[in-house]
Amino acid sequence: MSDFRDYLQALEKAGQLVHVTKEVSPKFESAAHVRKSSDTDGPAFLFENVAGHPGWRLAAGLYGTMARLPVAFGCPMEQVVERYGAAVRAPIPPQRAAEGRCQEVVLIGDQADCGVFPVCVHSELDAGRYVTAGVMIGRDPETGILAVGLQRMQLKGPRLFGVNMPTERRVGRAALKAEERNQRFGVAVVLGAGPYVDLASQAKIPHAQPKLDVAGALAGRPIELVRCKTVDAEVPADAEIVIEGEFVPKAREPEGPFGEVAGTYGLLGNRHVFEVTAVTMRSDAMYQTALTGMPTTDNHVQGWPAICESIKRVAQHACPEVVDVHAIGPYYLAIVSIRKRLAHEARNVILSVLGATAGAPQAKYCIVVDPDVNVRDINQVLWALYTRVQPETDALIFPTMVGAPLDPSAPVHRHTSKLGFDATMPLGESRERYDRVVVPGVDQVSW
Ligand SMILES: Cc1cc2nc3c(=O)[nH]c(=O)nc-3n(C[C@H](O)[C@H](O)[C@H](O)COP(=O)(O)O)c2cc1C
């Protein structure tokens, strides 16, 4: 079984995977394909002839457009957030397997040369080659829980990476605990784990809740795990490539710049140092990459179900009848539709969504609309802004508070002022003046 390969097949069946047999460079050219595809609702790619990496296949753009999500989830787009929520609420723990295809090839120590992989250079000012789709798995030294997250890794030598991993990240927090004990922190970085693990890696849930259980619930069965060869971690048995290694305690070295989720560059900084101890993989392994940068591309789509699930969860704290949610760009804009029963319920939703730190710290703007507005259709949302908002009373500006870490406009790092719009109709009044103009019979005509 391979969740990753099944997903490639499903994309192919949906007309969303193109095999590229001409030679393509992993420096900019593969990323340029994904960029163009993301901007034009195009396909994912399997590059079969990667310059400088004979024999390697490079999978790219696997989350390049929103159209990938119904394929990954096997359900219509409208149900994706609810499916994700169901997985968060009813997780399925993993199962242990004695062996797995991800360990058909085992390369220990000096043999584990990560330079052989088609590690790409994505954006113009990136510092170099970056592993961008590796899901990190490491055991928290205090709780014993397998911490799972996705952090970019700059390839600095055959067995050396620089990693951008803030300490609010669960792998970052686990690494900090190991560091306080003056211990090296062993982590496995998994490529080609498949959509359930990739998407669950983004879950906005408490650190005490294991993400691999969410992956199991997305798959509808336990994820099979095998023990790593050189670190105390377990990884999906059917993955393509596993890079095992250790974070060096107290070591920080320059990493970046790198084209980030906000569509601007994350700047050079002193960040974690990761030393590779082993590489294990399938005998016919494929390498997976993801593009970050201008919204919308891989990074945004891969995070979207988890972000929207968390927005929905926190919005429900304020209003029990949340109908639908959407998050745009680097998730700085949250759109929530509610069935409003109290005059100013939308204001509570705005407060909840903009204020949430565990759920949706990214949101800088929140627009609340009625259920007749499709939250995923920006024209409809703007129409609600044009016709259902009086700025004096319905626009709420909040003073500086904690916000997204990568917003370049932040006056103080990680802080921003915020803005909410109540774009719902008032209760009680005659609704006729808000009625939408409809042309009958649109569904029946064609040409
Ligand atoms: C393609 C991709 C690349 C990402 N790169 C990073 C990164 O380099 N650093 C980071 O902190 N988060 C990165 N993220 C976001 C985190 O993976 C995401 O917020 C995740 O939920 C973190 O989990 P945690 O907060 O539970 O540790 C990336 C996400 C995706 C989809």
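Helices (H or I, at least four residues) and strands (E, at least two) are DSSP runs, numbered from the N terminus. With that convention in hand, Arg 414 can be placed in the loop between strand S22 (395-402) and strand S23 (415-423). The structure is a predicted model, in which local features need pLDDT of at least 70 and side-chain atom pairs count only at pLDDT 80 or more, while totals for chains, interfaces and linings use all residues. Residues are numbered from 1 along each chain as its sequence is written, and side-chain values use heavy atoms, with hydrogens and water left out.

A good place to begin the tour is the ligand. Around the ligand there are 15 residues, of which Leu 150, Arg 152, Arg 169, Arg 170 and Lys 211 come nearest; a residue is near a molecule or strand if one of its heavy atoms lies within 4 Å of it. By residue class, the shell holds 3 nonpolar, 7 polar and 5 charged members. Here Ala, Val, Leu, Ile, Met, Phe, Trp, Tyr, Cys and Pro count as nonpolar, Asp, Glu, Lys and Arg as charged, and the others, Gly among them, as polar.

Polar contacts come next. A polar contact is a pair of N or O atoms within 3.5 Å; within protein, one must be able to donate a hydrogen and the other to accept it, and residues adjacent in sequence count only if both atoms are side-chain atoms. Arg 152 takes part through its backbone, where an N or O atom lies 2.8 Å from an oxygen atom of the ligand. Two side chains join in: an N or O atom of Lys 204 is 2.9 Å from a ligand oxygen, and an N or O atom of Gln 202 is 3.2 Å from a ligand oxygen. Taken alone, the ligand exposes 640 Å², and the protein buries 91% of that. These accessible areas come from the Shrake-Rupley method with a 1.4 Å probe; for residues, only the protein chains shown count as cover.

The space taken by the ligand is the largest pocket. On a 1 Å grid over the protein atoms alone, a cavity is a set of points where a 1.4 Å probe fits but cannot get out, and a pocket is an open set with protein on both sides within 12 Å along at least five of seven lines; lining residues have an atom within 4 Å of a point. A molecule sits in a cavity or pocket if more than half of its atoms lie within 2 Å of its grid points.

Attention now turns to single residues and their surroundings. Buried means under 20% relative accessible area, exposed over 50%, and partly exposed in between (1.4 Å probe, protein chains only). Gln 154, in strand S9 (residues 153-157), has a relative accessible area of 9% and is therefore buried. The C-alpha atoms of Gln 154 and Val 131 are 6.5 Å apart, although 23 residues separate them along the chain.

Helix H8 (residues 298-318) contains His 300, and His 317 is found in helix H8 as well. His 300 counts as buried because its relative accessibility is 2%, whereas His 317, at 65%, counts as exposed. From C-alpha to C-alpha, His 300 is 7.0 Å from Val 261, with their positions 39 residues apart in sequence. His 317 and Arg 181, by contrast, are 136 residues apart in sequence and 38 Å apart in space, C-alpha to C-alpha.

Asp 39, found in helix H2 (residues 29-39), is exposed because its relative accessibility is 52%.

The backbone also has some details to look for in the loops. A cis peptide bond, with omega about 0°, joins Gly 256 and Pro 257, and Pro 257 lies in the loop between strand S14 (241-255) and strand S15 (258-259). Pro 295 and Thr 296 are likewise joined by a cis peptide bond, with omega about 5°; Thr 296 is in the loop between strand S18 (286-288) and H8. Asn 182 is not a glycine, yet it has a positive phi of about 60°. Arg 414, another residue other than glycine, has a positive phi near 75°, and its relative accessible area of 23% makes it partly exposed.
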